[in-house]
Amino acid sequence: MPKKMQIFVMNLDRAPERLEEMCHRFSQAGLSFERVPAVDGNALTPEEIDRVLAGVGRWGRLTPGEIGCFLSHRRCWSALLESGERFGAIFEDDIVLGRNSAAVLAEDGWLPDDAEIVKLETTSSRVYLDRSGAGMVDDRQLYRLRSSHYCAAGYIVSRDCATRLLAASETFHEALDDFLFSVLSPVFQNTRIYQLTPAVCAQKWHASGGGNAQDPNTSIEGRESKQRCTLPLVERLREVCVKEGMSAQNKLLVLWGRRQRLPVEFR
């Protein structure tokens, strides 16, 4: 029996204008949400950061904004568990909703029983997807995601998956979108992740075509100036093997007609 979708929007206390904008957008779509107070990474003490940060990731040490972003998503996962619902839709507070978004977000009856994460967002990157669909909602098709697709501003997560994500991220060293949507992540490799296409949401900077700049006064992420670390040789070789192996598998399955590579549109 379909149930009402539980929707969570994370929002910093110091960003009331973003909350007002989200209220307007969701109200226009005929949807409501629960606000989850976001963690302000810039307000964390060094001791609080040390308790959750487990070393340095491939893009260097996480910034306070990235740490706050990750902890904010963890709050949303916990809120889903507290709600008792089977699925929850999780959004950052800088997203734009696509047309007829209520058809996707009003209830959960369209979700496959085996769905653990459904990515609702796009950056218009070309990604590998299964060729056979796993369902449809309104005029949007659901496919299994088979390659990295970064950004994590809008996705659905199952209750069981949220439990596992919380257990796997008591400490962390990668940014949230790497943790969820990079082929190098154990989460990606061991989780059934689907992509909705066309996507039903996109971050405001992407939807407006204004480039990839974020507002430094309210952003809960903030890794614009970071550069990739030089990893130890063994770790670099491992990453290359994983990436090249998955790429070769995807290309072969495209030739066999079992997968496809295409940009995910926002509509």
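Helix 1, which covers residues 16-28, lies across three strands: strand 1 (6-11), strand 2 and strand 3 (87-91). Relative to strand 1, helix 1 runs at about 155°. A second helix, helix 5 (residues 159-168), also packs on the sheet, where it touches strand 5 (117-119) and strand 9 (154-158). The direction of helix 5 makes about 100° with that of strand 9. All of this comes from a predicted model, not an experiment.

The sheet itself is open and has eight strands, with mixed pairing. Reading across it, the order is 2-1-3-9-5-10-8-7. At the edges sit strand 2 (34-37) and strand 7 (135-137), each of which pairs on one side only. From one strand to the next, the twist averages 25°. At the strand 7 edge, the partner is strand 8 (residues 140-144): the two run antiparallel and are joined by three bridges. Within this pair, M136 stands opposite Q141 in strand 8.

Next come the charged side chains. A search of the whole structure turns up 16 salt bridges. One of the pairs is R61 with D50, whose closest N and O atoms are 4.0 Å apart. R61 belongs to the loop between helix 2 (46-52) and helix 3 (64-83), while D50 is in helix 2, so the pair ties together parts that are eleven residues apart in sequence. How open is each partner to the outside? R61 has 49% relative accessibility and so counts as partly exposed, since the exposed class begins only over 50%. D50, at 53%, counts as exposed.

R86 and D113 make another salt bridge, with the closest N and O atoms 3.8 Å apart. Here R86 sits in the loop between helix 3 and strand 3, and D113 in the loop between helix 4 (102-105) and strand 5, so this pair ties together parts that are 27 residues apart in sequence. R86 is partly exposed, its relative accessible area being 41%. D113 counts as exposed, with 65% relative accessibility.

D139 and R99 also meet through their side chains in a salt bridge, at 3.8 Å from N to O. This pair links distant parts of the chain, 40 residues apart: D139 is in the loop between strand 7 and strand 8, and R99 is in the loop between strand 4 (95-97) and helix 4. D139 counts as partly exposed at 36% relative accessibility, and R99 counts as exposed at 52%. Salt bridges can also join up into a network, as they do for E21, R25 and K204.

Finally, there is a nonpolar patch on the surface, formed by L252, L255 and W256. Together, these residues have about 390 Å² of accessible area. L252 lies in helix 9, which spans residues 233-255. Why can L252 be part of such a patch? A patch takes in residues with over 30% relative accessible area and no salt bridge. L252 has a relative accessible area of 41%, so this residue is partly exposed and passes that cut-off.

Technical notes
Residues are numbered from 1 along each chain as its sequence is written. This is a predicted model: local features need pLDDT of at least 70, side-chain atom pairs count only at pLDDT 80 or more; totals for chains, interfaces and linings use all residues. Side-chain values use heavy atoms; hydrogens and water are left out. Patches are made of residues with over 30% relative accessible area and no salt bridge: like charges are joined within 9 Å, nonpolar side chains (Val, Leu, Ile, Met, Phe, Trp, Tyr) within 5 Å. Accessible areas come from the Shrake-Rupley method with a 1.4 Å probe; for residues, only the protein chains shown count as cover. Helices (H or I, at least four residues) and strands (E, at least two) are DSSP runs, numbered from the N terminus. Buried means under 20% relative accessible area, exposed over 50%, partly exposed in between (1.4 Å probe, protein chains only). Two strands pair if DSSP finds at least two bridges between them. Axes are lines fitted to C-alpha atoms, for helices over the stretch in contact, and angles run from 0 to 180 degrees between N-to-C directions. Contact means heavy atoms within 4.5 Å.
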